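Biologist: Please choose one part of this model and take me through it slowly. I am new to this, so explain each term as you go.

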Amino acid sequence: LGLALYAGSLCAVSGAAFLYHDYCVIGAGPAGLQVAYFLQQAGRDYVVFERSHAPGSFFALYPRHRKLISINKQYTGKSNSEFNLRHDWNSLLSHDRRLLFRRYSRDFFPSADTMVRYLEDFASLLKLRVQYNTAIIHVTLEKNEEAWNGHYFLLTDQDRKNYKCSSLLVAAGTWVPNVVNFPGSEYVEGYETVSINPEDFAGQTVLILGRGNSAFETAENILGVTNFIHMVSRSRVRLSWATHYVGDLRAINNGLLDTYQLKSLDGLLEGDLEDLAIVKDKKGKLHITLRFYLEDRNISAGIDSITLPQDELDNFATRAPYDRVIRCLGWKFDFSIYNRSLRIMPGKGNIKKYPQIKPSYESRGTRGLFVLGTASHSVDFRKSAGGFIHGFRYTTRAVHRLLENRHHGVPWPSTVYPITQLTNSIIKRVNEASGLYQMFSVLADIILLRENATAFEYLEEYPVGVLAELEMQTGRKAHNGLFVIIMEYGRNFSGADKDVFYYNRAVGEAQHAWQSNFLHPVIYYYKRLPTEREMRLRPPDWPLPRPDAIHHIVEDFLTDWTAPNAHILPLRRFLENCLSTDLRNFFAESCFLFAFTHQKQPPFCQQGYVRMQGLVGSQELRHHAVQAGLLQDYTHTDFSGDRPPDSRDGSQDQLMRDHAIPVRPLQHLINAKDE
């Protein structure tokens, strides 16, 4: 009994040693601060752990040459704040207008130092609960049936302090350098430590391993002082303007492409880095050879005893020795702090640097563990902007909404409108929404139809990858069909080998909208919610399963989809066909006529005119309608006889088809009724 009581007291002490929070956030970078803002606005119990003394520690070091490649557009010609976020790639989402990045810098490509200052202000002005100088070194699970997800997350920091939380949000980014080991790799300098003073490279010959923005950024810095620069990677160069992926090579860093193609000594090579080997000669020069030449040889015996490729092929591309070799291979997620019980595993293939997560951003191995920010980019790698601030600020908000519904019973925010506002609601969103625009093919607006299509419920920026789980994830019902509004590029317009500047690359006519290449809105209509199986079996490169109907709004050079004939009219007719209803707006005179000539009136008349709502007529408004051809002018018409000149035969059917609604005098309507 004494032993049992002693053991129980130990358990009690052990339990008391854990500081509890509902939500634990690892990392106070942009994603960590963004989710902290949403949690704080919702009044939730949370804490953010940051290993450094200030937020955004990654930006305190990187990019090494201090210029960001995220655009900071000061002017767009519009005052709509939501629209302007489409061209502001640095601001986080908040209610505080002081925390727009354009108030911190006027540079189109701002400095990383400005980003650090911005993140510090974001955390301090909003009073976010960030615990600095706290490095989480171990994370494990504790099974508990009373916990939200059937277990608690136990975290330990560098001082052996323990924390317990019900939900774990990992926003630590990807910060561990990618390293390739091969014979002689000890002679390679890393991007994270190499000098950024161009004078240190004066008159030197340099080989750069890698072909991303960090590699070209490094080359751009020393391009004017080196003898020549060679760059080697296993893949060909991918230009962001061709792939439409912002993580590929940006124009600001591509000076080396000019000097390569214009034959100014610099050059690009393709090859598997793991097949390389580096041998250092007595003068300190670095020679590139292939791994198989070193088999069964002692590399320390000296270069004279080693066969080099140029010994057999005298025009071998890298036969000239190099003074320096620099590794610029990017970063990967730190898996080392997570216990095996969490089953957080790396992805496969080209996403192995990211942890495996679902389209809901929840870990595939552990319920309640969500990955946010750059580390969540496996969901849309090389497809959309989820690995960058202007993308993951929206996916972070989506995760917060999923958590609010799951743990606190707060349904996904929505707005209910009468069906007459369907066309206007879609047009407004595709012209303003920044989340749809930046996270194209990943986030979508969902329109849930009410019974008999008299009204609809509008949900913004829902992850399309979990469309089949919509009712469970949002707390909303989809019993009567739905529309999904998403932004897409043309199917065959993006790729490293694509010529995106070819003649006739754009479509301008509505009937060819399905062939649009540039980013444009696409509306999917489903009579019922797609199933999990349909989501898995969707066509390759389709963000959604095959719908019952689909409509492309034709691409627009100004990304302004408000043209009455090219954009709005085809959309309205598509919606009318899907709903089998008339979505036009009518003047009061037309609704008055329908009341006498039709058993069922159009929705606009039912929800407006019949309920004594709508636009009050005036002589000026009537004159405008006549000039536009919407109403017929009877002021100068002389009717004789019992009937007006235009016969009523077939007029009821024609009335519902034509845009110009004939309006007859009240006396004629009374006579017609008597007939």
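Modeller: What follows is a close look at one sheet and the helices linked to it.

The model is predicted, so local features need pLDDT of at least 70 and side-chain atom pairs need 80 or more, while totals for chains, interfaces and linings use all residues. Residues are numbered from 1 along each chain as its sequence is written, and side-chain values use heavy atoms, without hydrogens or water.

Start with the sheet. It is open and has six strands, in the order β17-β19-β18-β20-β21-β22. Their pairing is antiparallel. (Strands are DSSP runs of E, at least two residues; helices are runs of H or I, at least four; both are numbered from the N terminus. Two strands pair if DSSP finds at least two bridges between them.) β17 (414-418) and β22 (549-552) are the edge strands. Each has a single partner, so one side of each lacks a neighbour in the sheet. From one strand to the next, the twist averages 20°. (Angles run from 0 to 180 degrees between N-to-C directions, and axes are lines fitted to C-alpha atoms, for helices over the stretch in contact.)

Now look inside the sheet. Strand β20 (residues 482-488) and strand β21 (residues 520-526) run antiparallel and are joined by seven bridges. Here M487 faces P521 of β21.

Two helices meet this sheet. Helix α10 (residues 389-408) packs on the sheet and touches β18 (443-449) and β19 (455-463). (Contact means heavy atoms within 4.5 Å.) The direction of α10 makes about 120° with that of β19. Helix α15 (residues 564-579) lies across β18, β20, β21 and β22. It runs at about 175° to β22.

Follow α10 outward and you reach α2. Their axes come within 9 Å and cross at roughly 35°. The crossing is right-handed. (Right-handed means the near helix is turned clockwise from the far one by less than a right angle; anticlockwise is left-handed.) Among the residues that meet are F38 of α2 and F392 of α10.

α2 has another neighbour. Helix α2 (residues 30-41) packs with helix α5 (residues 112-125) at about 20°, their axes 11 Å apart. That makes the pair roughly parallel (under 35 degrees; over 145 is roughly antiparallel, 65 to 115 roughly perpendicular, the rest oblique). α2 passes α5 in a left-handed crossing. P30, L33 and Y37 of α2 make the contact with L119, F122 and A123 of α5.
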